[in-house]
There are 2 protein chains.
Amino acid sequence: MTSSLHHRAIENLGTRIISGELPAGHIMLAEKLEDELKVSRSVIREAVRVLQSLGLVETTKRVGIRVLPPSRWNPFDPQVIRWRLASKARGAQLRSLAELRSAVEPAAAELAAQNAPAPLRLELVDVAHAMRDAGHRGEVPRFLELDIQFHSLLLSGSGNEMFANLMGQVAETLTGRTVHGLMPDHPHEAALQWHVDVAEAIARGDAGAAREASDKIMRRTMSQMSDTWTEQPRVFIPVHR
Amino acid sequence: MTSSLHHRAIENLGTRIISGELPAGHIMLAEKLEDELKVSRSVIREAVRVLQSLGLVETTKRVGIRVLPPSRWNPFDPQVIRWRLASKARGAQLRSLAELRSAVEPAAAELAAQNAPAPLRLELVDVAHAMRDAGHRGEVPRFLELDIQFHSLLLSGSGNEMFANLMGQVAETLTGRTVHGLMPDHPHEAALQWHVDVAEAIARGDAGAAREASDKIMRRTMSQMSDTWTEQPRVFIPVHR
DNA sequence: GAGTTTTGATGTCTGCACACATCGGTGTCA
DNA sequence: TGACACCGATGTGTGCAGACATCAAAACTC
């Protein structure tokens, strides 16, 4: 039911708010939205409720539906992330995700070395080896697939559901990286070995080594991507008091 | 507007789903919910839409409203976190948050040292010094307040909106820690100094030192709390989707 | 077993009554 | 005359009730 009227209304408004077409402070009236989107009140109302729970709008009696500033948006919501990735803020969103990833993955590796179930450890080693092979052969699509699987397994193996939940966003950054031609046909040899190091350290339960190898991967990834988004402005969310 | 019928319905159902009272696979009918909560269909429908966007339920024609398993919940949503903190899974939720925090804060410190605006750096130093004073004097409530402010400023100063968004959850873990008597009257002397070290490193733009000092704080916090949740079962979210 | 019909739940639409924040007019007082 | 508090009018979201549309599971037919 991904194209119900209600869903399309959410998509329409969410996209327009996050793109900046509907700026913070802009006020919409439910009735106007009805004829603009050619749907009934109930559809609009349900859509507005969802956008409200995402922090994109707030409703006030006698005023209308007010668009909220980006600082109020829930930056972890998958829909918000998707809309930002489709907007001019795509670069900033990718940077945020990459920073989050580079903070989380070494911690996930450490936890996975302590907690991951045995079958997952074995699969991780297999995937790391397959990655190295695919990398040597220059099989780019196959490598991307394995790369996503590797990092998904790693996050899943941490046993932290918040880390695991980042799988989807990580996949997005990895595919985004290859789509934008930031990946050479033959991945860096050392990086391939670091993936194997992470997997083997987890397999033998060496948390320190797992973290260290993962950290190397992340630092290399960050330095590789950093020059593509240096011009992105940073937003500092005020600390409420 | 926090006690609209629609909001209360969300709260009621969200709490019951996350507490496990309404288990995964349980099927609810909109009509039944109307009688049960004594509200009209539109209220139920709007509430269900929001719960749907949080991944708590899905609707299927001819079947009803199905409760989804925890692996489908959005673990980063503030409401979901709040409901989990109020459930039997409180311990597991606190551990997840602490792990996330200990991964993110050192990275945030590193970024803050590179990007934070000057006034924020100064404020951070002030707060760190005030924290040390309050700690020495054994002013527990004052210390907690400053502690929350310190870590909020740190996350905000990173210039990463996802990091900044964790301020609220961090405050929750810190207050939870003191409420549960896990904080001594006089905080560890070294920990107090590490906070000052983080602030001063950020103030002078020394990213490496900022990360290192922050990492020390996080490692000590984790080792301090780890024995309180060793019995919490870990959940491994399958990578397939 | 494959194809068809029935059924029952959500999806969508509409008209109405109500709650309540804002605005503007009115009256009071200095 | 001007400043201020009050209060009612107005407009908008909120909640309700009922109808019909849609569509997929389930029952039925062959």
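Guide: A polar contact is a pair of N or O atoms within 3.5 Å. In this predicted model, local features need pLDDT of at least 70 and side-chain atom pairs count only at pLDDT 80 or more, while totals for chains, interfaces and linings use all residues. Residues are numbered from 1 along each chain as written, chains are lettered from A and ligands numbered from 1 in the order written, and side-chain values use heavy atoms, without hydrogens and water.

Visitor: Which polar side-chain atom lies 2.6 Å from a phosphate oxygen of DNA strand C?

Guide: That atom belongs to A:Ser40, and a backbone N or O atom of B:Ala30 is placed 3.0 Å from a phosphate oxygen of the strand. A base nitrogen of DNA strand C, in turn, is 2.9 Å from a side-chain N or O atom of B:Arg41.

Visitor: Which residues around DNA strand C come nearest?

Guide: Of the 24 residues around DNA strand C (a heavy atom within 4 Å), the nearest are A:Leu5, A:Ser40, A:Arg41, B:Arg41 and B:Arg62. On the DNA side, sugar and phosphate make up 61% of the strand C atoms that come within 4 Å of the protein.

Visitor: What rotation superposes chain A on chain B?

Guide: Two copies of a chain are related by a rotation about an axis and a shift along it. Here the rotation is 180° with 0.0 Å of shift, and the RMSD is 0.1 Å, fitted by least squares on C-alpha atoms of residues with pLDDT of at least 70 in both copies. The two copies are therefore related as by a two-fold rotation axis. The same surface serves both, since 98% of the contact residues of chain A (heavy atoms within 4.5 Å) recur in chain B.

Technical notes: A polar contact is a pair of N or O atoms within 3.5 Å; within protein, one must be able to donate a hydrogen and the other to accept it, and residues adjacent in sequence count only if both atoms are side-chain atoms.
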